[in-house]
Amino acid sequence: MTASPITSARPTPIDPLRESLDEPLSQPTEAEFRQMADEIVRWTARHLATLPEQHIGLTGTPEELRQLLPTNAPETGRGFVGLFADVREKLFPHAFRNNHPRFLAFIPAWPSAESIQGEWLTAATNFYGGIWLEGSGPAHIENTVIGWFRDWLGLPETTKGVLTAGGSEANLTALVVARESLTSDERNRSVIYLSAERHWSVDKALMVIGHPPERIRHVPTDGQFRFNVPALARAIQKDQQAGLRPWVVVGNAGATNTGTVDPLNELAEVAREFGLWFHVDAAYGWSGMLDPDERPAFAGIEKAGSVTLDPHKWFAQPYESGCLLAREGHRLPATFADRPDYLDDAAPAEGETNYADHGLSLSRRFRAFKIWFAVQSLGVGWHRQLVTRCCRLAAYAENVLRSRPEFEILCPRQLGIVCFRYHRSGVEHDWDTLNRRILADLRNSGLGFLSSTRLSGTLAIRMCFVNGRTTATDIDRLIDFLALAGEQAERADDAG
Ligand SMILES: Cc1ncc(COP(=O)(O)O)c(C=O)c1O
């Protein structure tokens with residue numbers, strides 16, 4: 001049957017219609033574009049150069065922000081000059097500078113100048129990173145970058161991957177692929193094993209794929225916040241005896257709280273023995289493998305079925321830069337490839353990769369470019385120096401804290417993270433509340449930003465180092481501030 005042609009309901013005389021379309025929609029001329037871009041580049045260069053002296057950032061109330069930046073969408077555009085002034089003066093102060101050398105909260109980010117340039121070109125070209133036919137150059141570069149990651153982690157040649165928006169998407173992608181390895185009967189009996197220190201994005205991924213909470217096992221950690229492997233083996237055996245199907249075990253290579261790397265070799269061995277998929281969440285810690293001193297702790301990662309790693313954490317990349325590697329790479333297109341009619345032309349030929357077939361996104365930017373551009377421009381050695389430096393910064397912070405009686409180390413340095421609290425033994429205070437107050441004082445001072453977590457029920461302050469501009473002086477200044485704020489908080493507590 002032949003399709004009938006689509007006819008317009010109201011035929012338009014062709015000449016006036018043509019005339020109305022003869023000029024493109026208004027846009028800046030080349031000179032105007034350059035002028036605006038120059039201003040943005042000038043501002044950026046100054047912003048980056050002056051970060052250490054800048055206030056670390058403000059949190060506005062919803063009302064303050066509504067007053068500063070009205071929420072209406074103007075019918076007629078305002079033009080660049082006034083708008084950019086508002087952006088600089090009203091919007092940007094209300095975001096913490098997570099690339100500030102004294103921003104050591106959560107997991108900070110510190111994009112290199114080269115990765116920022118890569119990001120700029122990625123947006124400016126907007127080349128498509130989903131199918132080989134349209135973006136063979138981008139797909140080749142994604143192959144290249146994924147090949148680097150595979151080799152750095154020691155995974156086999158069969159490994160393939162996909163660049164994602166971040167670690168949460170990578171963890172979700174891993175679980176979707178792992179689930180495909182189960183029969184439908186097994187899916188109804190599948191059990192996943194998580195350490196108490198896993199990142200909550202794994203729980204979120206399980207919720208998204210509809211995995212029932214009663215088939216999630218939370219295995220305790222040992223005294224060093226590492227996966228308790230004997231407890232894992234016991235839990236698996238118990239589930240097997242109950243007729244369930246032990247399915248996935250998720251290990252950490254750089255736990256978010258403490259930087260701890262799980263005993264990956266032992267986890268891999270248990271996974272092999274009982275036939276589980278071994279997923280390693282290395283979103284934060286993976287770059288640690290570039291440092292020869294840290295690398296031995298990761299032994300066993302090369303046995304993983306899949307690994308999550310985030311270049312936007314400790315590899316000097318802007319958000320959003322994540323990655324999933326899958327050991328049996330063919331499972332990625334087997335899970336995600338789909339070919340609707342309108343993509344018929346896009347089927348890859350032998351040896352070509354459609355990255356849209358490796359994950360969730362169809363429309364995807366040229367995610368590999370900024371990583372490739374930065375590594376080509378700076379070298380792997382520069383990135384290795386960054387990792388080594390951050391581990392040394394964390395070791396320095398730990399040493400200074402240990403030398404001062406008003407601080408207690410709650411978890412010694414692991415990779416680039418150290419956990420501690422302000423505490424004087426023999427003195428009565430609600431130390432959790434007092435430490436929270438110290439952190440708020442620091443934030444409000446504009447000097448720096450540290451965040452807290454809970455370790456074995458105790459509130460801990462974390463320092464997480466990913467920033468190549470952080471110096472020993474920054475650490476001294478932060479610790480001096482915390483000591484002084486702690487003393488004042490103790491006095492206020494005594495008085496109140
Ligand atoms: C260990 C770990 N896994 C996963 C994630 C989630 O990654 P993203 O924030 O890139 O989605 C994080 C984020 O901090 C993390 O530390």
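1. Glu39, Arg88 and Glu89 are linked in a network of salt bridges. The model in which this network appears is a predicted one. In total, 31 salt bridges are counted in the structure, and the next three points take up individual pairs.

2. Lys370 and Glu119 form a salt bridge through their side chains, with an N to O distance of 3.1 Å. Because Lys370 belongs to helix α14 (residues 368-378) and Glu119 to helix α5 (residues 113-125), this pair ties together parts that are 251 residues apart in sequence. Lys370 has a relative accessibility of 1% and counts as buried, since the limit for that class is under 20%.

3. A salt bridge also joins the side chains of Glu490 and Arg424, at 2.6 Å from N to O. Distant parts of the chain are linked here: Glu490 sits in helix α17 (residues 472-495), whereas Arg424 is in the loop between β9 (417-422) and α16 (431-445), and the two residues are 66 apart. The partners fall into separate accessibility classes: Glu490, at 5% relative accessibility, counts as buried, while Arg424, with a relative accessible area of 32%, is partly exposed.

4. Asp203 and Arg198 provide a further example, their side chains meeting in a salt bridge of 2.7 Å, N to O. The relative accessibility of Asp203 is 24%, and the residue therefore counts as partly exposed.

5. On the surface, Phe33, Ile40, Trp120 and Leu121 make a nonpolar patch of about 370 Å². Helices α2 (30-49) and α5 each contribute at least two residues to this patch. Ile40 is located in helix α2 and is partly exposed, its relative accessible area being 30%. Helix α5 is also the element that holds Glu119, the partner of Lys370 in the salt bridge described above.

6. Which residues are closest to the ligand? Of the 14 residues that surround the ligand, the closest are Gly167, Ser168, Thr256, Asp281 and Asp310.

7. Several side chains place an N or O atom at short listed distances from ligand oxygen atoms. For Ser168, the distance between a side-chain N or O atom and an oxygen atom of the ligand is 2.6 Å. The corresponding value is 2.8 Å for the side chain of Thr256 and 3.2 Å for that of Lys313. Taken on its own, the ligand has 390 Å² of accessible area, of which the protein covers 84%.

Definitions and conventions: Residues numbered from 1 in each chain as written. Predicted model: local features only at pLDDT ≥ 70, side-chain atom pairs only at ≥ 80, totals over all residues. Heavy atoms only, no water. Salt bridge = Lys/Arg side-chain N within 4 Å of Asp/Glu carboxyl O. Helix = DSSP H or I, 4+ residues; strand = E, 2+ residues; numbered from the N terminus. Buried < 20%, exposed > 50% of the residue type's maximum accessible area, 1.4 Å probe, protein only. Patch = residues over 30% accessible without salt bridge, like charges linked within 9 Å, V, L, I, M, F, W, Y side chains within 5 Å. Areas by Shrake-Rupley, 256 points an atom, 1.4 Å probe, with all protein chains shown as cover. Near = heavy atom within 4 Å. Polar contact = N/O pair within 3.5 Å; in protein donor to acceptor, adjacent residues only side chain to side chain.
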